[in-house]
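Trainee: I should like to take a close look at a single part of this model, its sheet architecture and the elements packed around it. Please give one connected account, and extend it to the ligand site where the elements lead there.

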Amino acid sequence: MTTWALEIEDLTVAYHSKPAVWDVDMCIPEGVLAAIIGPNGAGKSTLLKAALGLIPKATGHITFYGKPYAQARAWIGYVPPRGSVDWDFPTTALDVVRMGLYGKLGWFKRVGKNETELAMSALEQVGMADYAHRQIRQLSGGQQQRTFLARALVQDARIYFMDEPFVAVDAVTEKAIVAILQSLRAQGKTVVVVHHDLQTVTEYFDWVTMLNVQLVANGKTAEVFTSDNLHKAYGGKLAFLNDMGVEVR
Ligand code: ADP
Ligand code: MG
């Protein structure tokens, strides 16, 4: 039987009684790189925030490895979109990563390393060790994104959620982030990414959830990333996809 890392039933989320996510059922199996795609305003970020309990839902039942959020929170790592962070806050890259360890006291005592060592090794993994003491606001977009990824890594989660991690990062950083996500998958972890760039979907992701307020499709990339489904999700905006060189079946 498949273990669902994430299972969502009947999720509806509304802002001022206007639904942004409407009656969505979806699931993501354990150990995949999964993309949530759909046009601007499709409700992708809203779905993620509702799943993580950051905003209220009108209806819906959400479980992580079969457990509700309250029992699963220690398994969940979240990388917020860069745009949602107050970069004027005076803090270093190392501080940002150490913040990911709060609430993990029991865990790092057992490992026998101190928080700084753990945070430094995560910064090293994302190629940011040299910038540990730099103010976060002085880092480039890609470096900020790597720092937030390092913070998620120290959380040692089973399932990671990221909202558009490749926005405003250079190609080298994008490849570096993808390599880290693939190594997480190789460890059996599940990674859920709100993703914008249709051209890289088949290359990066095993699993796709296609959304346009309502669910359009949910399943293996090879099965659901079809021109039929893309037309349903993107409608008239799809004409340019072929010009962009997006290959669909
Ligand atoms: P996506 O991430 O797919 O681009 P969002 O989840 O951000 O879409 O937004 C879905 C819809 O909800 C959009 O129409 C957006 O304008 C609206 N929306 C998002 N956040 C808010 C908010 N805080 N208050 C009111 N409306 C919102
Ligand atoms: Mg969004």
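**The sheets and the ligand site**

Mentor: In this predicted model, three strands make up an open sheet with antiparallel pairing, in the order β2-β1-β4. Its edges are formed by β2 (18-29) and β4 (59-64), each of which pairs on one side only. On average, and with direction ignored, neighbouring strands of this sheet are turned by 15° against each other.

Within this sheet, strand β1 (residues 4-15) is joined to β4 by five bridges in the antiparallel sense. One residue pair illustrates the register: Ile 8 has Ile 62, in β4, as its bridge partner. Helix α1 packs on this sheet, where α1 touches β1, β2 and β4. The direction of α1 makes about 115° with that of β1.

Helix α1 also leads to the ligand. Spanning residues 44-51, α1 supplies three residues to the shell around ligand 1, the largest share. The residues surrounding the ligand are Tyr 15, Ala 20, Pro 39, Asn 40, Gly 41, Ala 42, Gly 43, Lys 44, Ser 45 and Thr 46. By class, this shell has four nonpolar, five polar and one charged residues.

Three polar contacts to oxygen atoms of ligand 1 may be described individually. A polar backbone atom of Gly 41 lies 2.8 Å from an oxygen atom of the ligand, and a polar backbone atom of Ala 42 lies 3.1 Å from an oxygen atom of the ligand. Lys 44 contributes through its side chain, with a polar atom 2.8 Å from a ligand oxygen. Of the 550 Å² of accessible area that ligand 1 has on its own, the protein covers 57%.

There is also an open sheet of six strands, with mixed pairing and the order β5-β6-β7-β3-β8-β9. Strands β5 (76-79) and β9 (214-220) stand at its edges with a single partner strand each, so one side of each is left without a neighbour in the sheet. Neighbouring strands of this six-stranded sheet are turned by 15° against each other on average, direction ignored.

Inside the six-stranded sheet, strand β3 (residues 33-37) and strand β8 (residues 207-212) run parallel and are joined by four bridges. Ile 37 stands opposite Met 210, a residue of β8. Helix α10 (residues 227-234) lies across β3, β8 and β9, and runs at about 35° to β8.

Terms used: Residues are numbered from 1 along each chain as its sequence is written. Chains are lettered from A and ligands numbered from 1 in the order in which they are written. This is a predicted model: local features need pLDDT of at least 70, side-chain atom pairs count only at pLDDT 80 or more; totals for chains, interfaces and linings use all residues. Side-chain values use heavy atoms; hydrogens and water are left out. A residue is near a molecule or strand if one of its heavy atoms lies within 4 Å of it. A polar contact is a pair of N or O atoms within 3.5 Å; within protein, one must be able to donate a hydrogen and the other to accept it, and residues adjacent in sequence count only if both atoms are side-chain atoms. Accessible areas come from the Shrake-Rupley method with a 1.4 Å probe; for residues, only the protein chains shown count as cover. Helices (H or I, at least four residues) and strands (E, at least two) are DSSP runs, numbered from the N terminus. Ala, Val, Leu, Ile, Met, Phe, Trp, Tyr, Cys and Pro count as nonpolar, Asp, Glu, Lys and Arg as charged, and the others, Gly among them, as polar. Two strands pair if DSSP finds at least two bridges between them. Axes are lines fitted to C-alpha atoms, for helices over the stretch in contact, and angles run from 0 to 180 degrees between N-to-C directions. Contact means heavy atoms within 4.5 Å.
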